[in-house]
Amino acid sequence: MEIIKYPQRTDWDNLIKRPALDVSGLFDTVKTVLDEVKQEGDAAVKRYGEKFDKVTLSSLVVSEEEFAEADNQIPEELKEAIRTAKENIETFHASQQFKGGKIETTPGVTCWQKAVAIEKVGLYIPGGTAPLFSTVLMLAVPARIAGCREIVLCTPPNREGKVHPAILFAARTAGVNKICKAGGIQAIAALTYGTESIPKVYKIFGPGNQYVTAAKQLVSLREVAIDMPAGPSEVQIIADEHANPGFIAADFLSQAEHGADSQSILVTTAETLVPQVLEAIEHQLEQLPRKELTRSSLGNSRIIVLKNTDEVIEFTNLYAPEHLIIQTADYREIAEKIENAGSVFMGPYTPESAGDYASGTNHTLPTNGYARAYSGVNLDSFIKKITFQEITSDGIRNLGKTIEIMAAHEQLDAHKNAVTIRLNNM
């Protein structure tokens with residue numbers, strides 16, 4: 001882990017760099033899988049499941065018997081935790097519902113917007129090293145609130161052909177219509193083109209490894225919409241001399257355990273805090289079952305000491321973290337000045353893991369600096385807005401001349417005539 005003290009402003013561009021994620025070298029492999037699934041459907045999905053996930057499947061669709069089996073395998077305390085998280089996520093996202101109204105822009109000219117759910121959405125849930133049933137809730141709950149008619153979930157099964165029971169329980173609790181046993185590139189391909197078992201969707205959501213990321217990038221060029229560009233997960237912590245080093249270390253490590261390419265950054269003006277945090281990190285790291293993977297991630301991580309709070313805010317807005325934790329005495333004042341971040345966690349008792357699981361906010365967030373331009377997943381992610389307008393005869397009289405002049409100056413005479421013919425008909 002790097003310790004950087006009082007860097008020059010000219011060095012900041014290097015300090016905000018993430019672990020490299022260039023997936024362009026994977027495009028040939030990805031395109032081959034995409035093309036074969038497009039042409040062969042289920043057969044190709046199953047074949048690549050055997051190749052990549054080492055599983056032979058007779059059916060790609062999770063059966064009712066498998067749902068029942070999963071329900072019996074989940075401890076009641078986990079069921080209750082999933083239900084509580086679902087309710088909080090539901091409450092927060094329901095508050096985002098669009099309330100449009102008609103507006104008369106000119107006498108006789110009325111315009112308005114209508115929010116319409118995306119009819120078919122696909123949710124990708126990784127298998128990997130941890131069953132991300134929390135991501136099921138983060139994607140399926142707002143999709144259902146938005147009114148998406150078809151919510152299709154793809155996730156890789158284990159080598160026995162089973163989906164993790166917590167994923168199945170969360171999906172049923174959140175209102176997923178169909179769960180399919182497909183992972184990686186072949187799942188993205190199936191959701192994009194449709195197969196005999198897996199429906200074609202109009203937008204794909206969810207995280208994944210570098211192959212999934214590359215597949216989503218390729219299909220989004222002309223085939224299907226995706227939620228956002230994605231990269232390795234990251235957290236930035238802002239702390240002062242009042243912060244608890246143990247809390248900082250815990251937040252540092254909770255992000256680092258996501259994967260070897262994750263990144264944690266601490267930015268502080270309190271140089272005396274640095275050795276305390278390092279000591280706490282080392283102590284807590286030894287207690288973690290995933291400590292080797294987490295230690296590897298710490299190689300991408302940094303502690304940066306800056307001169308003053310203004311520099312801290314400027315650096316943060318430049319870095320544009322996926323997750324931002326503020327543990328300072330004046331955390332509210334600092335939070336007000338943050339312009340680029342996916343999700344902000346304020347005060348000493350607000351760990352990033354609260355947003356990951358159960359506070360209600362969404363944990364599907366822009367990484368790799370995309371928070372400068374992208375929002376995290378929210379209710380609007382599952383909605384399209386259609387504009388409407390209605391012009392009366394008085395309205396076209398009032399606005400017609402303006403349209404005619406603008407069309408004429410753009411040398412689009414047919415546009416002008418569409419107004420003129422109406423005015424002459426009155």
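Which residue is the bridge partner of Ala117 in strand 14? In this predicted model, the bridge partner of Ala117 is Ile383, and that pairing belongs to a set of 9 bridges that join strand 3 to strand 14, two strands that run antiparallel. The briefing below takes up the sheet that contains this pair, then a second sheet, then two helix-helix contacts and finally the salt bridges.

**The antiparallel sheet**

- Strands 2, 3 and 14 form an open sheet of 3 strands in the order 2-3-14, and the pairing within this sheet is antiparallel.
- Strand 2 (103-106) and strand 14 (383-391) are the edge strands, each of them pairing on one side only, while the twist of the sheet averages 30 degrees from one strand to the next.
- Helix 16 (residues 393-409) packs on this sheet, where it touches strand 2, strand 3 and strand 14, and the direction of helix 16 makes about 95 degrees with that of strand 14.
- Strand 2 pairs with strand 3 (residues 109-117) in the antiparallel sense over 3 bridges; Ile103 has Cys111 as its bridge partner in strand 3, Glu104 has Thr110, and Thr106 has Val109.
- The hairpin made by strand 2 and strand 3 has 2 residues between the strands, and Gly108 in this hairpin takes a positive phi near 90 degrees.
- As general background to these partner lists, strands of a sheet pair through backbone hydrogen bonds, either parallel or antiparallel.

**The parallel sheet**

- A second arrangement is an open sheet of 5 strands with the order 6-5-4-7-8, in which the pairing is parallel.
- The edges of this sheet are strand 6 (178-181) and strand 8 (225-226), and each of these two strands pairs on one side only.
- Strand 5 (residues 150-155) and strand 6 run parallel and are joined by 4 bridges, and within this part of the sheet Leu153 of the one strand stands opposite Ile179 in strand 6.
- Helix 8 (residues 184-193) packs on the sheet and touches strand 4 (120-124), strand 5 and strand 7 (203-205), with a helix direction that makes about 175 degrees with that of strand 4.

**Helix 6 against helix 7**

- The axes of helix 6 (residues 133-146) and helix 7 (residues 165-174) come within 9 Å and cross at roughly 15 degrees; because angles under 35 degrees count as roughly parallel, helix 6 and helix 7 are described as roughly parallel to each other.
- Helix 6 passes helix 7 in a right-handed crossing, and the contact is made by Phe133, Val136, Leu137, Ala140, Val141 and Arg144 on the side of helix 6, together with Ala166, Ile167, Ala170, Ala171 and Ala174 on the side of helix 7.
- Sorted by class, the residues in the contact of helix 6 with helix 7 are 10 nonpolar, no polar and 1 charged.

**Helix 16 against helix 17**

- Helix 16, which also packs on the antiparallel sheet, has an axis that comes within 8 Å of the axis of helix 17 (residues 413-424), and the two axes cross at roughly 150 degrees.
- Because angles over 145 degrees count as roughly antiparallel, helix 16 and helix 17 are described as roughly antiparallel to each other, and their crossing is left-handed.
- The contact is made by Ile396, Arg397, Gly400, Ile403, Glu404, Ala407 and Ala408 of helix 16 and by His415, Lys416, Val419, Thr420 and Leu423 of helix 17.
- By class, this contact of helix 16 with helix 17 has 6 nonpolar, 3 polar and 3 charged residues.

**Salt bridges**

- Over the whole structure, a search finds 22 salt bridges, and one of them is formed by Glu271 with Lys5, whose closest N and O atoms are 3.1 Å apart.
- Glu271 lies in the loop between strand 10 (263-268) and helix 11 (273-285), whereas Lys5 lies in strand 1 (residues 2-5), so this pair ties together parts that are 266 residues apart in sequence.

Technical notes
Residues are numbered from 1 along each chain as its sequence is written. This is a predicted model: local features need pLDDT of at least 70, side-chain atom pairs count only at pLDDT 80 or more; totals for chains, interfaces and linings use all residues. Side-chain values use heavy atoms; hydrogens and water are left out. Axes are lines fitted to C-alpha atoms, for helices over the stretch in contact, and angles run from 0 to 180 degrees between N-to-C directions. Angles under 35 degrees count as roughly parallel, over 145 as roughly antiparallel, 65 to 115 as roughly perpendicular and the rest as oblique. A crossing is left-handed if the near helix is turned anticlockwise from the far one by less than a right angle, and right-handed if clockwise. Contact means heavy atoms within 4.5 Å. Ala, Val, Leu, Ile, Met, Phe, Trp, Tyr, Cys and Pro count as nonpolar, Asp, Glu, Lys and Arg as charged, and the others, Gly among them, as polar. Two strands pair if DSSP finds at least two bridges between them. A salt bridge is a side-chain nitrogen of Lys or Arg within 4 Å of a carboxyl oxygen of Asp or Glu.
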